[in-house]
Amino acid sequence: FRSAQHRMILAFYWGIAFAIAVVFIKSPGGQQLAEVPGAETWIETSVPLIVSSIVMMAFGVLAGRLAFAMPRDLQSNWIFRVAGRGDAAQFVSARRWALTIVSVVPVCAIWAAALLWLWPWQAALVHLVALGVLGMILVEVALAGALKIPCTCSYLPGKSHVNLVVCAAALVLLPLVMKAATFEREVLQDPFSYATMPGALCLIWLGVRRSVAWVNASSTQPTFDDEPVGAAVTLELWDSRSS
């Protein structure tokens with residue numbers, strides 16, 4: 001948080017999340033939050049809030065993951081290099097906790113304050129548990145890849161296509177998120193099915209965690225230098241006269 005570059009990355013993606021949340025809250029369903037307040041009408045306005053919370057969780061984890069990939073001070077790498085070769089599981093656990101604290105905890109705290117004020121506490125608690133488990137699933141997905149200590153590995157620009165990923169997510173995943181929010185609204189109307197949705201997400205989290213651990217089994221030591229790909233780097237320039 002003392003790095004202006006890292007703060008800018010976090011602010012940029014959190015800003016996108018807040019903008020999308022405002023769009024959904026300003027939708028006709030979200031406008032009913034101000035028009036028909038009351039304990040009995042919360043279910044009618046739940047879908048915009050559910051979608052907004054899921055989008056904010058996804059962008060929160062994405063912001064933390066991208067910020068961790070940017071080096072803070074490469075000259076300090078020697079501290080980790082000479083500290084000794086620890087168990088890879090310790091590095092993975094530390095990365096998991098760091099990403100959870102930076103991304104999942106703030107989103108859950110923000111929506112806990114909002115939902116406990118707008119919804120009955122039982123429904124708000126169920127959604128917060130499901131939101132937290134969803135955040136842990138996204139954290140496990142973000143941990144896939146080379147074992148790197150946050151903010152210490154050298155960074156080679158041009159390898160990431162985050163802009164394409166965000167556009168694809170907006171076009172493909174957003175309709176799925178809306179369907180999931182509609183399904184959750186139906187679940188929240190039945191107190192007897194409160195445990196089904198968090199339980200299913202917990203099973204998905206366990207499966208994703210085991211899969212990521214299996215994929216990362218070959219990484220036994222952290223990586224400090226981002227290696228370039230073996231292919232030749234070109235500027236992709238061409239002469240129109242040759243065509």
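Here are some short exercises, each with a worked solution, on the structure above.

This is a predicted model, so local features need pLDDT of at least 70 and side-chain atom pairs count only at pLDDT 80 or more, while totals for chains, interfaces and linings use all residues. Residues are numbered from 1 along each chain as its sequence is written, and side-chain values use heavy atoms, with hydrogens and water left out.

**Exercise 1.** Find out how many aromatic pairs there are, and work out what kind each one is.

Solution.
- Start with the rule: rings of Phe, Tyr and Trp (its six-membered ring) pair if their centres lie within 6.5 Å; planes under 30 degrees apart count as stacked, over 60 as edge-to-face and the rest as tilted.
- Apply that rule and you get 2 aromatic pairs.
- Take F12 and Y13: their centres are 5.0 Å apart and the planes make 90°, an edge-to-face pair.
- Now take W14 and F18: the centres are 6.1 Å apart and the planes sit at 35°, so this pair is tilted.
- Where are W14 and F18 along the chain? They are 4 residues apart in helix α1 (residues 4-25), separated by about one helical turn. Helices here are DSSP runs (H or I, at least four residues), as strands are (E, at least two), numbered from the N terminus.

**Exercise 2.** Decide whether Y13, W14 and F18 are buried, partly exposed or exposed.

Solution.
- Grab the cut-offs: buried means under 20% relative accessible area, exposed over 50%, and partly exposed in between (1.4 Å probe, protein chains only).
- Y13 has 11%, so Y13 is buried.
- W14 has 16%, so W14 is buried too.
- F18 has 39%, so F18 is partly exposed.

**Exercise 3.** Track down the salt bridge and describe both partners.

Solution.
- Know what you're after: a side-chain nitrogen of Lys or Arg within 4 Å of a carboxyl oxygen of Asp or Glu.
- The structure holds 1 salt bridge.
- The partners are the side chains of E140 and R96, at 2.5 Å from N to O.
- This pair links distant parts of the chain, with E140 in helix α6 (residues 121-142) and R96 in helix α5 (residues 88-118), 44 residues apart.
- E140 has a relative accessible area of 1%, so E140 is buried.
- R96 comes in at 12%, so R96 counts as buried as well.

**Exercise 4.** Say which side chain S53 touches in a polar contact, and where S53 sits.

Solution.
- A polar contact is a pair of N or O atoms within 3.5 Å; within protein, one must be able to donate a hydrogen and the other to accept it, and residues adjacent in sequence count only if both atoms are side-chain atoms.
- The side chain of S53 meets that of H127 at 2.9 Å.
- S53 belongs to helix α3 (residues 46-69).
- With 0% relative accessibility, S53 is buried.

**Exercise 5.** Count the disulfides, then check how covered C108 and C202 are.

Solution.
- A disulfide is a covalent bond between the sulfur atoms of two cysteines.
- The test used here is a pair of cysteine sulfur atoms within 2.5 Å.
- By that test, there are 0 disulfides.
- C108 has a relative accessible area of 19%, so C108 is buried.
- C202 has 32%, so C202 is partly exposed.
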